[in-house]
Structure formats: structure tokens, C-alpha cells
Amino acid sequence: MEVSVQEKADAAIPVMTNSPPEGNTTFLDGTTWCVALPGVSQIDLQNALDWACGMGMADCGAIQEGGHCYEPDTLVAHASYAFNNYYQQNGNSDIACNFGGTATLTKHNPSYGKCMYAAPGSVGSAAPPLWKHKSSFLWWEIVGVLLLLLYKGS
């Protein structure tokens, strides 16, 4: 396996495109929310919801019984809240609103009654602090560099 390094002169040449910056749809099109797609497989939707509230670390407290967003008690409503929470805490990246094809972006604010969906920069966002993600990313970055050095040394 060979590792190639881009020359500094090549890195200084800007690449012009007509497409928006990858991942940030709020930059050009205004505020967006991530919601569950109605009509998708209930099993896929439940798996995606479980992931978002588990390994995805979305704050799903509001969709627990007694929470502001528990009603309506439907899989689509609960998944929409969790998906959006994950999407907002991960920088509104297009890839952060996929969930195996069970989610989509909308410009329509899905908030209702006391159930307020997080929006970019919203004070009411219950997303976990980003430093938790950064520290684990830094750890994996260090591990990757060490493995690369070990590989190059052998």
C-alpha cells in the first residue's frame, strides 16, 4: 500500500464548482430540519430511531413518556424529533439526515405546541456538547497517526 502526498503548489489552486458547499444546506437555502419519511418500512424506521437515540447520541428525552414531544405517540413523530436533534448537533450535514434512507430535509418547521424542534444555533437545542465528540475524534486521529507511523516503520 502506497501513501501519496499532494504537492503544496497543487493544494493552493482553488477548485471552482457550481454546487453548494458539501454538507451544509442551511448556508444557501435557509433553515432546514431533518424529519422521518412517512411510508418507509416501520422496521427500518425503528432501527434508525434506536440508533439515533443510542449510538447517535441524540437527546431523546422529549420523546419519552411525559416529554413535550411524546404526543403524538407515533413512530414517525418520535423518529422525526430524534433525527432532527441528531442532524442539528452534527452541523446540518446532508449525510447527518439520511438514516438509511428513512429521513429527508424540510424547510417547514415541524415544531408544534410545546414541542420545539432544534434549529441551527437555537438556544433550546438539547444536543450534547460538541467537546465530547471532538475528544473522541482526537483520540482516533492520534491512533490513526500512530498506526500510520508503525506501518511506515515496518
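Guide: In this predicted model, rings of Phe, Tyr and Trp count as a pair if their centres lie within 6.5 Å. By this rule the structure holds five aromatic pairs.

Visitor: What makes Trp-51 and Phe-99 a pair, and what is the pair called?

Guide: The ring centres of Trp-51 and Phe-99 are 6.3 Å apart, and the cut-off is 6.5 Å, so the two rings pair. Their planes stand at 65 degrees; an angle over 60 counts as edge-to-face, so that is the name for Trp-51 and Phe-99. Trp-51 belongs to helix H3 and Phe-99 to the loop between H4 and E2, so the contact ties together parts that are 48 residues apart in sequence.

Visitor: Is Phe-99 buried or exposed, and how do you know?

Guide: Phe-99 has a relative accessible area of 12%. Buried means under 20%, so Phe-99 is buried. Trp-51, at 36%, is partly exposed, because this value falls between the limits of 20% and 50%.

Visitor: Why is the pair of Phe-83 and Phe-99 called stacked?

Guide: The planes of Phe-83 and Phe-99 are at 10 degrees, and planes under 30 degrees apart count as stacked. The ring centres are 4.0 Å apart, so the distance rule of 6.5 Å is met as well. Phe-83 sits in helix H4 and Phe-99 in the loop between H4 and E2, so this pair joins parts 16 residues apart in sequence. Phe-83 has 0% relative accessibility and therefore counts as buried.

Visitor: Which residues form one aromatic cluster?

Guide: The cluster consists of Trp-51, Phe-83, Tyr-86 and Phe-99.

Visitor: What makes H4 mostly covered?

Guide: Of the 15 residues of H4, 14 are buried. H4 reaches 21 Å from its first C-alpha to its last, close to the 21 Å expected at 1.5 Å a residue.

Visitor: Which residue with a positive phi follows H4?

Guide: That residue is Gly-91, with phi near 75 degrees. Gly-91 is placed in the loop between helix H4 (75-89) and strand E2 (103-106). Its relative accessible area is 42%, so Gly-91 is partly exposed. The C-alpha atoms of Gly-91 and Pro-120 are 7.9 Å apart in space, with their positions 29 residues apart in sequence.

Visitor: How do you know that Cys-34 and Cys-97 form a disulfide?

Guide: Their sulfur atoms are 2.1 Å apart, and the cut-off is 2.5 Å, so the pair qualifies. The torsion about the S-S bond is about 90 degrees, so the disulfide of Cys-34 and Cys-97 is right-handed. Cys-34 lies in strand E1 (residues 33-36) and Cys-97 in the loop between H4 and E2, so the bond ties together parts that are 63 residues apart in sequence. Both cysteines, Cys-34 and Cys-97, are buried.

Visitor: How many disulfides does a search of the whole structure find?

Guide: The search finds three. Cys-53 and Cys-60 form one of them, with sulfur atoms 2.0 Å apart. Cys-69 and Cys-115 form another, with sulfur atoms 1.9 Å apart. The link of Cys-69 and Cys-115 has 105 degrees about the S-S bond and is right-handed. This pair links distant parts of the chain, with Cys-69 in the loop between helix H3 (42-53) and H4, and Cys-115 in the loop between E2 and H5, 46 residues apart. Cys-69 is buried at 2% relative accessible area, and Cys-115 is buried at 1%.

Visitor: Is the link of Cys-53 and Cys-60 left-handed or right-handed?

Guide: The link of Cys-53 and Cys-60 is left-handed, with -90 degrees about the S-S bond. Cys-53 is partly exposed at 30%, whereas Cys-60, at 8%, is buried; the limit for buried is under 20%.

Visitor: What is the pairing of the bonded cysteines, numbered in sequence order?

Guide: The pairing is 1-5, 2-3, 4-6.

Visitor: Which residues make the nonpolar surface patch of about 380 Å²?

Guide: The patch is made by Ile-142, Val-145, Leu-146 and Leu-149. Among them, Val-145 is found in helix H5 (residues 130-153).

Visitor: Why does Val-145 count as partly exposed?

Guide: Val-145 has 46% relative accessibility. Partly exposed covers values between 20% and 50%, so Val-145 belongs there. A patch residue needs over 30% relative accessible area, and Val-145 meets that with its 46%.

Notes
Residues are numbered from 1 along each chain as its sequence is written. This is a predicted model: local features need pLDDT of at least 70, side-chain atom pairs count only at pLDDT 80 or more; totals for chains, interfaces and linings use all residues. Side-chain values use heavy atoms; hydrogens and water are left out. Patches are made of residues with over 30% relative accessible area and no salt bridge: like charges are joined within 9 Å, nonpolar side chains (Val, Leu, Ile, Met, Phe, Trp, Tyr) within 5 Å. Accessible areas come from the Shrake-Rupley method with a 1.4 Å probe; for residues, only the protein chains shown count as cover. A salt bridge is a side-chain nitrogen of Lys or Arg within 4 Å of a carboxyl oxygen of Asp or Glu. Helices (H or I, at least four residues) and strands (E, at least two) are DSSP runs, numbered from the N terminus. Buried means under 20% relative accessible area, exposed over 50%, partly exposed in between (1.4 Å probe, protein chains only). Rings of Phe, Tyr and Trp (its six-membered ring) pair if their centres lie within 6.5 Å; planes under 30 degrees apart count as stacked, over 60 as edge-to-face and the rest as tilted. The expected span of a helix is 1.5 Å times one less than its number of residues.
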